[in-house]
Amino acid sequence: MIKTGTYLDLLLMIVIVAATYYFYEKTKDPTWKPFIRHIPALDAIREGVGKSVEEDKPVHFAMGQSGGQLYSNLVSMTLTALAFLRHITILCAEHGARLIVHLPSQTESIPLIEGTAREGFGFAGKPEMYRRDDMRYYGRGALTWTQGVTASYAEEGVGLNLSIGIFYSDCPISLEMAHIMGGMNVGGTGRWIMVYAFAMMCDYVFLGEEIYAAAAQVSEDPIMISGILIEEVGKFFVYILLIVGTLLAAVGLDVAALLSL
Amino acid sequence: MAMFRREIPTAVLSFVGVVILLAFFTTLDIFETIKGVFTSWIPVISATSVGLGLIYMVYAQYMNYQRNKNLNNLIYLVVPLVFFVIFFGTALVVPGNISSDAYQWLYFHIYQNVGGVIYAVMFFTLASSAIRTMRVVTKDPSGALQFRLEAAALMFGGIIYTLRQIPLFQVYLPGIVGFGEWIMLVPNVGGGRAAVMAAALGAIVVGIRTLWGKEKTTTEVD
């Protein structure tokens, strides 16, 4: 009944679901406060909003030209970017900074993005700061998107550029142009192949999975924060696999065959 | 109202997610069939998305022009529409449609060249940022040794691999080729795989949280 080749995946899935249940139960205890490593890039976002206000320049938020995917295996990054959008919206509302959101090409996610921005301004008590004009849509194509985004940097200035989400070849141009225009770059993506661009071009970077941990932290929601601990359980599972695999390989067992069960 | 906006979408999402998982893990054909029906909607949504995008963009640009009637905003409104009419009209009207010489000319002589120019800009941006990468600078306020070592390792690896690519060094410093390859294939691949696994775990956790109906980003938005 279980497909051959998916036993290990299923085991990992069961471990994570069990950990999820355990930690969700823990969140019911109001005194439970897990220790979470601080991520410096989170402070940089607040610093960047302050810089934007001082320089009278807007804050730019981008989740990538393809960052609105709701039906692909990258959907988790879309949701993570939305958590950051809510966070930056609240920060902008608190500090009085103008926020420009560069929308992804996937129109099906626009209501969710606009709703998140509107809700963030409303949460901060400044719903009037939500401006439809500052929700920018450039159509399809990474190269079209980068032209629109960089034109916005040039015309309106850039104080902070927060880029988090699904990025392809769109990020090198937009990040570097923001830097050239005097903006502060903070960002990251879960797509490992593009992390190099963020590491090179950002003043503060979220490396790979840090975007998930940081999104949980900025949400300040115990259930979201417990996700970081659930991730740690998964990592320990992988460590165990690595150690056991190394030992078994050392005694001559075919570990590759075991892993493909 | 909240039920229509939160509970029902969450229930539908969870149901579809569980079916997709069952299709992945089990050999039962029924789940594979239902998954096929669900996934067949992807091109429909994608195609609809293109149409909606055009309407959204035209509306946004039109409203922008209405609020601020200057030449730039007029150009932003008119130029995409002109190109849309030219491309779409050529594809519909000219015999041969998108295979016609006229459409192929538009594609290869306008669209592709503009794309090529932007790609070229990307390589300039990479070159200018690469210079910053080679500096041993950490912006971590603690200035901890760990971060200094990370910055130094990045610079060291970058320099070795860059020198390895230059024919002059390949000739006069042949050992650098093997060393550069080793950096690329051993520490780079090891670190990359660890990062991919960690990111995958993060994605799984977000996925399970969404199926559980606890993902704040999908339940808090009105």
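## A walk through chains A and B

Start with both chains on screen: 54 residues of chain B are in contact with 55 residues of chain A. Keep in mind that this is a predicted model.

**Stop 1: the chain B side of the interface.** Colour these pieces of chain B: helix H1 (2-25), helix H3 (41-67), helix H5 (101-133), helix H9 (187-211) and helix H10 (216-219). Each of them gives two or more residues to the side that touches chain A. Which element gives the most? That's H9(B), with 16 residues. Now colour this side of chain B by class, and you'll find 28 nonpolar, 16 polar and 10 charged residues.

**Stop 2: the domains of chain A.** Hide chain B and select 7-30 plus 222-259 of chain A, which the domain assignment calls domain 1. Give 40-219 another colour; that's domain 2. The C-alpha centres of these two domains of chain A lie 32 Å apart. Where they meet, five residues of domain 1 are in contact with five residues of domain 2. The domain 1 side of that contact has three nonpolar, one polar and one charged residues.

**Stop 3: the helix pair H1 and H9.** Still in chain A, select helix H1 (residues 7-26) and helix H9 (residues 222-250). They pack at an angle of about 145°, with their axes 9 Å apart, and the crossing of H1(A) and H9(A) is right-handed. Turn on side chains here. From H1(A), look for residues including Leu12(A), Val15(A), Ile16(A) and Phe23(A); across from them, H9(A) brings in, among others, Leu229(A), Ile230(A), Val233(A) and Phe237(A). By class, the contact of H1(A) with H9(A) has 11 nonpolar, three polar and one charged residues.

**Stop 4: the sheet.** Next, show the strands of chain A as a cartoon. Six of them form an open sheet in the order S3-S2-S1-S4-S5-S6, with parallel pairing. Which strands sit at the edges? Strand S3 (135-136) and strand S6 (204-207) of chain A do, each pairing on one side only. Zoom in on S4 (residues 160-164) and S5 (residues 184-189) of chain A, which are joined by five bridges. There, Asn161(A) stands opposite Asn185(A) in S5(A).

**Stop 5: helices across the sheet.** Finally, add helix H2 (residues 40-55) of chain A, which lies across strands S1 (59-62), S4, S5 and S6 of chain A and runs at about 145° to S5(A). Then add helix H5 (residues 142-156) of chain A: this one lies across S1, S2 (99-102) and S3 of chain A, running at about 165° to S2(A).

Definitions and conventions. Residues are numbered from 1 along each chain as its sequence is written. Chains are lettered from A and ligands numbered from 1 in the order in which they are written. This is a predicted model: local features need pLDDT of at least 70, side-chain atom pairs count only at pLDDT 80 or more; totals for chains, interfaces and linings use all residues. Two residues are in contact if their C-beta atoms, placed from the backbone, lie within 7 Å. Helices (H or I, at least four residues) and strands (E, at least two) are DSSP runs, numbered from the N terminus. Ala, Val, Leu, Ile, Met, Phe, Trp, Tyr, Cys and Pro count as nonpolar, Asp, Glu, Lys and Arg as charged, and the others, Gly among them, as polar. Domain bounds come from an automatic or database domain assignment. Two strands pair if DSSP finds at least two bridges between them. Axes are lines fitted to C-alpha atoms, for helices over the stretch in contact, and angles run from 0 to 180 degrees between N-to-C directions. A crossing is left-handed if the near helix is turned anticlockwise from the far one by less than a right angle, and right-handed if clockwise.
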